[in-house]
Amino acid sequence: MLGVGRLEISDLITAVDAGSGARLPVRRDEVVRRLRESGDERAVRIVRRLPVDRDGVLDPGAVDRLLIGVHTELQRLSEELRIGERLVDPVGPLFDAIREVGGQNGQGGPYRLVDVGCGLGYVVRWLAATNALGPDVELVGVDLDAALVGEADRLARAEGLTCRFVHGNAFGPAEAATVYVSTGLLHHFRGPALGEFFRAQAASPAQAFCHFDIAATRLAPIGAWIFHRARMRHRLGRHDGVVSALRAHSDETLLRAAAVPGMRALLYEPGGLANPFCTTLRPIIGVRPQLEAPFRRALGRAARRMVGEEHFAGAGVVAGAAVGVEAGGAAGAGAGATR
Amino acid sequence: MTPAVPLALLGLVDSAFSGFRAYAGRDARIRKRRAAVRAALRGLAVGAVLLAAPALAAVLVLLTASDRARTRHALAVGGFGYLLPLCVFAAVVLLSLAAYFVLPFRAGTFAVVVGLGPLTLLRPLAVGAACLGAVLNGGGWCALLVGAVAGAAVLCVEPLAHRRWYRDAQ
């Protein structure tokens with residue numbers, strides 16, 4: 001694919017120690033070298049304008065300010081594309097299903113939603129401001145970038161929102177989630193890292209995950225170019241926006257990577273079942289097998305927009321799976337339990 | 001009948017939207033309706049000042065014309081030619097906006113992807129089409145001059161408002 005070799009500048013200009021979360025120095029020449037190797041001279045020109053110290057290390061303060069500015073502009077896109085509403089569309093019924101199953105097992109709330117790689121925490125703050133998931137859902141945003149987390153926390157406190165933000169690893173025991181969510185994160189994981197990301201959630205006590213990312217359609221790169229050109233001023237944001245669309249994982253790649261033991265992987269609004277002009281981002285969802293049937297019931301008619309791995313096994317299998325789902329979902333839940 | 005009033009109204013409405021765009025993406029709060037309204041009013045104010053430029057240009061053209069009646073007529077017909085493409089553009093924008101605010105989020109996304117996003121980029125082309133309309137409708141060089149000044153004025157509102165109030169905002 002065209003975008004596989006392309007790199008996002010924002011991935012390269014910050015680095016943290018995976019264990020401690022401490023920030024690591026990043027040399028501009030090294031970033032330039034990697035971008036040049038990928039054949040992206042435009043990105044090279046953008047990075048060359050970033051300030052460095054005498055040793056050629058990128059100025060961390062300038063990088064933080066730049067990334068906060070870019071993420072603030074990105075939030076504008078999320079607002080315009082109504083990402084909050086789009087997320088609640090499947091996640092609301094997901095929590096309904098969790099409440100239903102939890103009630104049957106005598107395990108009520110409170111529950112916790114953790115936004116992985118939350119950036120400025122727009123989704124978490126929007127959910128807090130609208131109370132869209134109900135008062136029994138604690139809202140937490142986690143990110144490895146301390147500056148973005150700090151800004152998210154400042155914004156939440158400025159508006160008196162009931163949510164919190166944590167700098168560090170989203171899958172650590174301290175922030176164990178009922179449901180993990182993310183928006184625009186998955187394309188950052190390449191190769192085996194994508195599968196590891198889903199396996200980490202399956203190994204956690206989480207009941208489900210719901211990760212939105214750019215729908216990998218032929219329209220996506222040109223749409224990304226138009227929107228980032230029309231709505232963003234930062235050159236870095238414009239560049240990374242288009243590269244993100246080029247790097248977006250296909251439906252099949254996401255479904256296969258998310259099909260990890262202990263989770264039933266489902267794709268909501270895949271290509272072919274959704275209008276690409278109406279669905280710029282779509283989620284890969286994972287649920288514990290016993291949750292699938294109540295989740296489909298909670299979704300109602302919208303469950304028809306959701307497919308599992310069998311979607312790519314052949315048209316006959318898909319039709320059979322759809323009939324099973326429409327019949328009540330119990331068969332689907334059973335199939336999930338065997339994974 | 002003169003096209004000056006609808007053209008001025010269109011320019012002022014566009015200026016208010018430009019003010020909003022100058023602000024959008026600079027404020028990461030969730031609740032910011034008041035700030036958005038203030039940005040639109042700032043755009044309106046900048047637009048009101050800048051739109052004096054085409055008005056002044058029209059007055060100068062009239063004052064320096066050898067045949068004022070003919071020049072006045074040329075400006076009027078040119079103004080109508082200028083107005084027509086802009087009305088079409090404005091109608092599409094308003095339709096997209098209505099769809100965005102009224103319809104559910106999927107249809108709203110459609111309105112953004114097909115309408116509002118690309119239309120923002122097409123604003124200079126709309127101004128170009130309006131200038132062409134002014135000439136084709138018989139407005140001549142004087143209508144083209146006033147139209148070009150008016151187009152430059154409305155296109156300058158957003159960068160000026162951004163530079164004045166929002167460039168350093170976070």
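**Figure 1. Helices α5(A) and α6(A) cross in this predicted model.** The two axes come within 10 Å, and they cross at roughly 75 degrees. Angles of 65 to 115 degrees count as roughly perpendicular, and α5(A) and α6(A) therefore fall in that class. From α5(A), the contact uses Ile83(A), Gly84(A) and Leu87(A). From α6(A), Val123(A), Trp126(A), Leu127(A) and Thr130(A) take part. Five of the residues in this contact are nonpolar and two are polar. None is charged.

**Figure 2. Eight strands of chain A form an open sheet.** The strand order is β3-β2-β1-β4-β5-β7-β6-β8, and the pairing is mixed. β3(A) and β8(A), residues 306-307, stand at the edges. Each has a single partner strand, so one side of each lacks a neighbour in the sheet. Helix α6(A) packs on this sheet. There α6(A) touches β1(A), β2(A) and β4(A), the last spanning residues 179-183. The direction of α6(A) makes about 160 degrees with that of β2(A).

**Figure 3. Strand β2(A) pairs with β1(A).** β2(A) covers residues 137-143 and is mostly covered, with six of its seven residues buried. β1(A), residues 111-116, runs parallel to β2(A), and six bridges link the two strands. In this pairing, Arg112(A) stands opposite Glu138(A) of β2(A). The chain leaves β1(A), passes through α6(A) and arrives at β2(A). This β-α-β crossover is right-handed.

**Figure 4. Strand β2(A) also pairs with β3(A).** β3(A) spans residues 164-167. Four bridges join β2(A) to β3(A), and the two strands run parallel. Val142(A) has Val166(A) of β3(A) as its bridge partner. Gly141(A) stands opposite Phe165(A), also in β3(A). From β2(A) the chain crosses through α7(A) to β3(A). This β-α-β crossover is right-handed.

**Figure 5. Helix α11(A) has buried residues that pack against a helix and two strands.** The helix runs over residues 251-258. Its buried residues are Asp251(A), Leu254(A), Leu255(A), Ala257(A) and Ala258(A). They pack against helix α8(A), residues 192-202. They also pack against β6(A), residues 264-268, and β7(A), residues 281-287.

**Figure 6. Chain A meets chain B.** Here 29 residues of chain A are in contact with 21 residues of chain B. Five helices of chain A each give two or more residues to this side: α4 (60-80), α5 (83-104), α6 (122-130), α7 (146-158) and α9 (220-231). The largest share, seven residues, comes from α4(A). By class, the side of chain A that touches chain B holds 13 nonpolar, six polar and ten charged residues.

**Figure 7. Chain B contains helices and no strands.** Its six helices follow the pattern α-α-α-α-α-α along the sequence. The C-alpha trace of chain B spans about 60 × 35 × 25 Å along its principal axes. Chain B has 170 residues, and 42% of them count as buried. Among contacts in chain B with a separation of 6 or more, 73% join residues 24 or more positions apart.

Key. Residues are numbered from 1 along each chain as its sequence is written. Chains are lettered from A and ligands numbered from 1 in the order in which they are written. This is a predicted model: local features need pLDDT of at least 70, side-chain atom pairs count only at pLDDT 80 or more; totals for chains, interfaces and linings use all residues. Two residues are in contact if their C-beta atoms, placed from the backbone, lie within 7 Å. Ala, Val, Leu, Ile, Met, Phe, Trp, Tyr, Cys and Pro count as nonpolar, Asp, Glu, Lys and Arg as charged, and the others, Gly among them, as polar. A residue is buried if 20 or more other C-beta atoms lie within 10 Å of its own, exposed if 12 or fewer, and partly exposed in between; C-beta atoms are placed from the backbone. Two strands pair if DSSP finds at least two bridges between them. A crossover is right-handed if, with the strands pointing away from the viewer, the path from the first strand over the helix to the second runs clockwise. Axes are lines fitted to C-alpha atoms, for helices over the stretch in contact, and angles run from 0 to 180 degrees between N-to-C directions. Angles under 35 degrees count as roughly parallel, over 145 as roughly antiparallel, 65 to 115 as roughly perpendicular and the rest as oblique.
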